[in-house]
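Student: Please give me a close look at one loop in this model. Start with the overall layout, then go in residue by residue.

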Amino acid sequence: MSVKITDICIACGACIDECPVEAIVDDDDNPNADAGIYYVYGDKCVECVSHHDEPACATACPTEGCIVWGEIVGDQPHRDGVKRDGSQAVVE
Ligand code: SF4
Ligand code: SF4
């Protein structure tokens with residue numbers, strides 16, 4: 001169960017303080033070096049279940065489609081395998 005931040009992130013910082021479980025790190029702390037985008041630790045993110053009705057980070061994000069938890073779109077490397085129910089699809 002985790003949302004993903006995709007590479008259209010503009011590193012604006014609007015999401016990071018909204019996370020109730022401190023799952024988001026900024027571009028400097030992104031484990032994918034030089035990605036230039038914010039990052040969500042999948043082992044921390046709870047998709048805001050029991051905190052908010054919807055993922056608070058996605059609500060705060062000004063970049064439409066940047067934070068996803070449902071569809072796999074194009075060749076976005078950080079979206080692979082994420083389903084809306086939080087389960088992980090097999091990534092080939
Ligand atoms: S969905 Fe909620 S818990 Fe997950 S990263 Fe976004 S704000 Fe944090
Ligand atoms: S709010 Fe959206 S665009 Fe801004 S840093 Fe977070 S994920 Fe990136």
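Tutor: The chain has 1 helix and 4 strands. Their order along the sequence is β-β-β-α-β. This is a predicted model, so confidence comes before detail. Mean pLDDT over the chain is 83, with 75% of residues at 70 or more. Among the elements, strand β2 (residues 24-25) has the highest mean, 98, and strand β4 (residues 67-68) the lowest, 94. Residues 72-82 are another matter: pLDDT stays under 50 there. The model still gives that stretch 19 contacts beyond four places in sequence. Where pLDDT is low, predicted coordinates should not be read in detail.

Two totals set the scene. Of the 92 residues, 24% count as buried. Among contacts with a separation of 6 or more, 57% join residues 24 or more positions apart.

Now the loop between β1 and β2. Isoleucine 10, alanine 11, cysteine 19 and glutamate 22 make a useful walk through it.

Begin with isoleucine 10, which sits in this loop. Isoleucine 10 is partly exposed, because 13 other C-beta atoms lie within 10 Å, over the limit of 12 for an exposed residue and under the 20 needed for a buried one. Its C-alpha is 8.2 Å from that of glycine 36, and the two residues are 26 apart along the chain.

Alanine 11 follows, in the loop too. Its phi is near 55°, a positive value in a residue that is not glycine. What is its exposure? Alanine 11 has 15 other C-beta atoms within 10 Å and is therefore partly exposed.

Cysteine 19 also belongs to this loop. Buried or exposed? Cysteine 19 counts as buried, because 22 C-beta neighbours fall inside 10 Å and the cut-off is 20 or more. Beyond four places in sequence, its contacts are Ile24, Ala56 and Cys57. Helix α1 spans 56-60. So where does alanine 60 lie relative to cysteine 19? Their C-alpha atoms are separated by 10.0 Å, across 41 residues of chain.

Cysteine 19 has a second role in the picture. Ligand 1 has 15 residues around it, and Cys19 is among those that come nearest, together with Cys45, Cys48, Pro55 and Cys57. By class, that shell divides into 13 nonpolar, no polar and 2 charged residues.

Glutamate 22 is the last stop in the loop. Its phi is positive, about 55°, although it is not a glycine. Glutamate 22 is exposed, because it has 11 other C-beta atoms within 10 Å and 12 or fewer is the criterion. A charged residue can fall on the other side of the cut-off. Glutamate 47, in the loop between β3 (39-40) and α1, is buried, with 22 other C-beta atoms within 10 Å. Its C-alpha lies 8.5 Å from that of tryptophan 69, with their positions 22 residues apart in sequence.

Turn to the other ligand. Ligand 2 has 14 residues around it. Cys9, Cys12, Ala14, Cys15 and Cys61 come nearest. The shell holds 12 nonpolar and 2 polar residues, and no charged ones.

Cysteine 15 links that shell to the interior. Outside its neighbours within four places in sequence, cysteine 15 is in contact with Ile24, Tyr38, Cys57, Ala60, Cys61 and Ile67. The largest nonpolar core has 16 residues. Cys15 is one of the five that touch the most other members, alongside Val3, Ile24, Cys57 and Ile67.

Put the pieces together. Ile24 and Cys57 appear in the contacts of cysteine 15 and in those of cysteine 19. Cys15 is among the residues nearest ligand 2, while Cys19 and Cys57 are among those nearest ligand 1. The loop itself runs from partly exposed at alanine 11, through buried at cysteine 19, to exposed at glutamate 22.

How values were computed:
Residues numbered from 1 in each chain as written. Chains lettered and ligands numbered in written order. Predicted model: local features only at pLDDT ≥ 70, side-chain atom pairs only at ≥ 80, totals over all residues. Near = placed C-beta within 6 Å. Nonpolar A, V, L, I, M, F, W, Y, C, P; charged D, E, K, R; others polar. Core = buried A, V, L, I, M, F, W, Y, C linked by C-beta atoms within 7 Å. Contact = placed C-beta atoms within 7 Å. pLDDT = per-residue confidence, 0-100. Helix = DSSP H or I, 4+ residues; strand = E, 2+ residues; numbered from the N terminus.
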